[in-house]
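Here's a quick tour of one protein model, with an eye on its charged pairs and its sheet. Have the structure open while you read.

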Amino acid sequence: MHRGYREKKIICSPVYAEVDLIPVRADTHGCRGEGETNEKQQRANRKAAERHFVQLVNANFVQPDVLLVDPTYAGGEEPADFAEADRNLVNYLRRISYLCARKKLPKPKYVAVTEGGAEGTEDENHRLHHHIILLAQGLTREEVEDLWSAGRGKKRQSLGRVNTRRAQPICGSLVDRAMYMLKAPKHRKKWHQSLGLKMPEVRMNDNRYTKRQILKWCTNGDAYDRGFWAKKYPTWKVSETAVEFNDIEGAYYVRLRLWREKSPWKENRTRASQAARSGRRPATAPVKHTGHTAKSGTNT
């Protein structure tokens, strides 16, 4: 039995937020999902991990100068196995960090993944590839692409092409890119992220909505209507609504994705970008690292 509803607002950036309307149990010592099968719990855990990653991406990379980077291998340069492919990615990220340091630019921020075939099969060491979301202020796309190589000095050799494009948020977010990186959950993957990525701001409110209101809106169809929720959050636009009924708890869960049309992407370019074009060193504030979190794999 649950006694009411909690509004959990996850503010990822000035232009993107998510809202969860969650039933609050009368027995606060109970756990959500009690009585669920292992398969259902695994699905719930996977969805929670996916949402964490989407929120992390939107908290750190919805800003100008972010690049979507997809390195590929030329014929004859394919790695022998998954471990070698991941070393190539780690070395690539280190080269980007080194070049930023050498040019006295801000430290780059990134999330990256090496992906292979189905884990535990012969295919896991085939079709090896990488995906990166990168913020390297002051570096040009040509510089980022040129660093995808192996060896040093005269022995330095390109590993292949790098498909690089500027991120274009849809409804204030990079949800599509994040979900693309999360595709094929059964494939072998190893994740990397830079130190100091910030977490979204979370605000809780147990008094905004009642159990009776949520039940009414979910049964009469209002909860599925984006226009209905836009009136509840007038300073935001609603890009998505999702309503789920939990049979075990006998309660509805509501999730909203909110965005604002005023976007930093439409405003002036950042100082770093302007400096890169003019050849000047950008003025930056001191960078303070406060720690890191990892979705899985290791941090580099």
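Let's start with a charged pair: the side chains of Lys183 and Glu115 meet in a salt bridge, 3.1 Å from N to O. Lys183 sits in the loop between helix 4 (175–181) and strand 9, while Glu115 is in strand 4, so the pair ties together parts that are 68 residues apart in sequence. Keep in mind that this is a predicted model.

How many salt bridges are there? The count comes to 16. Here are three of them, with the burial of each partner.

| Salt bridge | N to O distance | Basic partner, relative accessible area | Acidic partner, relative accessible area |
|---|---|---|---|
| Lys183–Glu115 | 3.1 Å | Lys183, 29%, partly exposed | Glu115, 1%, buried |
| Arg51–Asp20 | 2.9 Å | Arg51, 22%, partly exposed | Asp20, 11%, buried |
| Arg208–Glu7 | 3.1 Å | Arg208, 33%, partly exposed | Glu7, 6%, buried |

Arg51 and Asp20 also belong to a network of salt bridges with shared partners, together with Glu18, Glu240, Arg255 and Arg257.

Now for the sheet. Five strands make an open sheet in the order 8-3-5-4-9, with antiparallel pairing. Strand 8 (162–166) and strand 9 (187–193) are the edges, each pairing on one side only. On average, neighbouring strands are turned by 15° against each other, direction ignored. Helix 1 (residues 38–60) packs on this sheet and touches strand 4 (109–118), strand 5 and strand 9. Helix 2 (residues 82–102) lies across strands 3, 4, 5, 8 and 9, running at about 165° to strand 4.

Inside the sheet, four bridges join strand 3 (residues 66–71) to strand 5 (residues 129–135), and Leu67 stands opposite Leu134 in strand 5.

Methods
Residues numbered from 1 in each chain as written. Predicted model: local features only at pLDDT ≥ 70, side-chain atom pairs only at ≥ 80, totals over all residues. Heavy atoms only, no water. Pairing = 2+ DSSP bridges. Helix = DSSP H or I, 4+ residues; strand = E, 2+ residues; numbered from the N terminus. Axes fitted to C-alpha atoms, helices over the stretch in contact; angles between N-to-C directions. Contact = heavy atoms within 4.5 Å. Salt bridge = Lys/Arg side-chain N within 4 Å of Asp/Glu carboxyl O. Buried < 20%, exposed > 50% of the residue type's maximum accessible area, 1.4 Å probe, protein only.
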